[in-house]
Amino acid sequence: MLEIKNIDVSYGDVQVIWDLSFTVKQGEVVALIGANGAGKSTTMKTISGILRPKNGEVLFKGQPIHTVKPFHLIEMGIAHVPEARRLFVGMTVEENLDMGSLKGDARKERIKTKEMVFALFSRLRERQYQLAGTLSGGEQQMVAIARGLMSKPKLLMLDEPSLGLAPILVREIFNVIKRIQAEGVTVLIVEQNVKQTLSIADRAYVLENGRATLEGTGADLLGNPHVQEAYLGI
């Protein structure tokens, strides 16, 4: 579904991503793990068109998208849930969800999709008329993911969905990600919660200093000595 081919990405004169390649197959949960500054969020921004690679290609279903404007990617079936949620805090939960379904089929199927979202996040049904800015951190993260789902994506990209959440909410978020996969949505996730992420990932890549240094199944990387020492404290 998604193919990253030998991309180099820079902020001005500072190169952050070096010759990075990886793939995401339809129906998978694929994780990018690594320390702060490894290039994980930069990779996500490049896929979603916010940044442009200096070299290399980004292909979605075989079609180059690294020159496509970000708002067109939504129509193609790519949704990016950014780090720090980025909600419309002065709007209600329902209004935030509606903002995720402004294009094409997503708009036509808004009511049906909203029911699916409320089934995943029952708390949001209770909060649908509440201002997003008054919600707890965990509830705001639920709204951010739900808003992404409202666009009816084929590929959902999640950047640090568990950041700042209490452990019980972290488990809930990861359970929801597996349920999203069961609905037929492919998921690419960036996370620093390595143990939880690898436990649900079909495959994963380790990014270090802008380069992919390891890849394998989630289970394989959980048992990898370098991953255990560097990221799991074992």
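**Strand pairing, helix packing and an aromatic pair**

Strands β1 (residues 2-11) and β4 (residues 55-60) run antiparallel and are joined by five bridges. The model described here is a predicted one. Within this pairing, K5 finds its bridge partner in β4 at E57. Strand β4 also pairs with strand β5 (residues 63-64), again in the antiparallel sense, and two bridges connect them. Here L59 stands opposite P64 of β5.

The connection between β4 and β5 deserves a brief stop. The two strands make a hairpin with two residues between them. K61 lies in this loop, and its phi is positive, at about 55 degrees, although the residue is not a glycine. As background, most residues other than glycine have a negative phi. E160 offers another case: it is not a glycine either, and its phi is near 55 degrees, a positive value. E160 is placed in the loop between β7 and α8. With a relative accessibility of 5%, E160 counts as buried, because the cut-off for that class is under 20%.

Turning to the open sheet, six strands are arranged in the order β6-β7-β8-β3-β9-β10, and their pairing is mixed. The edges are taken by β6 (78-81) and β10 (211-217); each has a single partner strand, so one side of each is left without a neighbour in the sheet. From one strand to the next, the twist averages 15 degrees. Inside this order, strand β3 (residues 29-33) and strand β8 (residues 186-191) run parallel, with five bridges joining them. One residue of this pairing is L32, whose bridge partner in β8 is V190.

Helices lie across several of these strands. Helix α7 (residues 137-149) lies across β6 and β7 (155-159), and it runs at about 170 degrees to β6. Helix α8 (residues 167-182) lies across β3, β7 and β8, with an angle of about 155 degrees to β8.

Both α7 and α8 also meet helix α5, whose buried residues pack against α3 (93-99), α4 (104-108), α6 (122-126), α7 and α8. In α5 (residues 110-120), the buried positions are R110, T113, K114, V117, F118 and L120. These residues cover an arc of only 155 degrees around the axis, and therefore sit on the same side of α5. The other side of α5 carries I111, K112 and A119, which are exposed. The spacing has a familiar background: an α-helix has 3.6 residues a turn, so residues three or four places apart point the same way.

Finally, a search for aromatic pairs across the whole structure returns one. The rings are those of F22 and Y205, with centres 5.3 Å apart and planes at 45 degrees, so the pair is tilted. That label follows because planes under 30 degrees apart count as stacked and those over 60 as edge-to-face, with the rest tilted. The pair links distant parts of the chain, since F22 belongs to strand β2 (residues 14-24) and Y205 to strand β9 (residues 203-208), 183 residues apart. F22 and Y205 are both buried. Strand β9, the home of Y205, stands between β3 and β10 in the order of the open sheet.

Conventions. Residues are numbered from 1 along each chain as its sequence is written. This is a predicted model: local features need pLDDT of at least 70, side-chain atom pairs count only at pLDDT 80 or more; totals for chains, interfaces and linings use all residues. Side-chain values use heavy atoms; hydrogens and water are left out. Rings of Phe, Tyr and Trp (its six-membered ring) pair if their centres lie within 6.5 Å; planes under 30 degrees apart count as stacked, over 60 as edge-to-face and the rest as tilted. Helices (H or I, at least four residues) and strands (E, at least two) are DSSP runs, numbered from the N terminus. Buried means under 20% relative accessible area, exposed over 50%, partly exposed in between (1.4 Å probe, protein chains only). Two strands pair if DSSP finds at least two bridges between them. Axes are lines fitted to C-alpha atoms, for helices over the stretch in contact, and angles run from 0 to 180 degrees between N-to-C directions. Contact means heavy atoms within 4.5 Å. The arc is that of the directions from the helix axis to the C-beta atoms.
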